[in-house]
Structures are given as structure tokens and as C-alpha cells.
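Biologist: Here is a model I would love to go through with you, with a close look at a single part. Please have the sequence and the picture open side by side.

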Amino acid sequence: MEVAEVEKKLKNWKNIKFYFPYKELTGVPKWQTVVLTCMDCRITSNVFGVEDPGELTIIRNAGALLTRDSLRSLLIAIYELNVRNIFVCGHTNCGGQMSPQRMDITVEKISKRTNSPPQKVLELLEARNASQAFLGFENVSLQVKKTVFNIKNHPLILPVGVHVSGFVYHTQSGEFVKIL
Ligand SMILES: [Zn+2]
């Protein structure tokens, strides 16, 4: 889709609503909940039951991983947006399920299209190798478990008693399976 068409869609959103009823929203999610999920386009806010803006905070990255940046967002959600529940939501058929070889191929692809040697690509990503750059994982359920554990036990999160749970969203059936 052309950029202009996407921009037109953004404008339409406001027009469709006739008048914009969300002016009073503050950015504090009504459900006091944040979802850490994947960037995958099959996962939209409505799969979580969101009907309107202002209900749920969603943090996304490839693979729904706890990274330096998603941790930053989680801390803002907890300490600035009154969030009490964290849902980690991975999904089946995730592009984040990458073998080490697959991650090497990604580095090679970037290298070719940017005319930069693979070593330069890694240097720019501040990583020693492709696995460190792309954080691929083999099993989504195990990855969700690991992420839940790491969030729960993070020294900046553990003492405040936030509820943390993990799910896998099945992209074929639309079901959520609770992992823990
Ligand atoms: Zn994914």
C-alpha cells in the first residue's frame, strides 16, 4: 500500500467517528493492564478485546521479548500509568522463532542490500553475533515462560507486586492459551 493511502486511512479514522470522543483520555489505560506482544500484524488491539482507545496499553516488538526498550516501557507503564497487570503474549507462527542460521541469513540480507560487510552490520547493531542482534528463539511457549519469569523477578518490578502472566495467541484459531 502506498504511503499516501495509509495516511488517508489515519485521517479517515477521525472522520468516521464524526466527532472525536476521546479528548479527555490521559494515556492511563482504563484496564490498568499492559500487554507485551509481538509486532506481528495478525495481532491487533481487538484480539485483546479492546473496543475503544484508552483501554489497554500495548508494547510490541518482534517476538514479544523483554529487551532494554520493552523494560523501559514496562517501567513507565507501572510507575507512571498505574498498571497492575502485565500480560506477555507470544503467538504461534512467530517470525521471532529463528534458528541461529536464520539469523545469520538476516544479517547477510542486510549486508547485501546496504553494501556493508556483515561485521559492520553487527557493529551498527551493537551485537557480537546475529543471535545477539535478533534474539531469535526456538519455542514460543518456553520463550513466554522465560519472559514472564524475567519480568516477575526483575529487581525493579518484583517489589511492587505487579501481576504477570503469559499467553500464546494461536493465529489459526484466534484462541489464547494461558501458559502461566
Ligand atoms: Zn511474532
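Biologist: Among contacts in the protein chain between residues at least 6 apart in sequence, what percentage join residues at least 24 apart? With that settled, please take me through the largest nonpolar core.

Modeller: Happily! This is a predicted model, where local features need pLDDT of at least 70 and side-chain atom pairs 80 or more, while totals for chains, interfaces and linings use all residues. Numbering runs from 1 along each chain as its sequence is written.

For contacts between residues at least 6 apart in sequence, 68% link residues at least 24 apart (a contact means C-beta atoms, placed from the backbone, within 7 Å). The chain holds 6 helices and 5 strands (DSSP runs of H or I, at least four residues, and of E, at least two, numbered from the N terminus), in the order α-β-β-α-β-α-α-α-α-β-β. Of its 180 residues, 24% are buried (20 or more other C-beta atoms within 10 Å; 12 or fewer is exposed, in between partly exposed).

Now to your core. It has 26 residues, and those touching the most other members are Val34, Leu36, Leu74, Ile86, Val88, Cys89 and Ile151. At least two core residues come from each of strand S1 (33-38), helix H2 (68-80), strand S3 (85-91), helix H6 (140-152) and strand S4 (163-169). Such a core joins buried Ala, Val, Leu, Ile, Met, Phe, Trp, Tyr and Cys through C-beta atoms within 7 Å.

Let us start from S1, where 5 of the 6 residues are buried. S1 pairs with S3 in the parallel sense over 5 bridges (pairing takes at least two DSSP bridges), and Thr33 has Asn85 of S3 as its bridge partner. S1 also pairs in the parallel sense with strand S2 (residues 57-61), again over 5 bridges; there, Leu36 stands opposite Ile59. Beyond its neighbours within four places in sequence, Leu36 contacts Ile59, Ala64, Ser70, Leu74, Ile86, Val88 and Cys89.

Turning to H6, its buried residues are Val140, Gln143, Val144, Thr147, Val148 and Ile151. Viewed down the axis of H6, these fall within an arc of 135°, so they line one face of the helix (the arc is taken from the axis-to-C-beta directions). H2, S3 and S4 are among the elements that cover the buried residues of H6.

Back at the core as a whole, its 26 residues are not the end of the story. Another core of 5 residues lies apart from it, including Met98, Val107, Ala130 and Phe134.

Terms used: Two residues are in contact if their C-beta atoms, placed from the backbone, lie within 7 Å.
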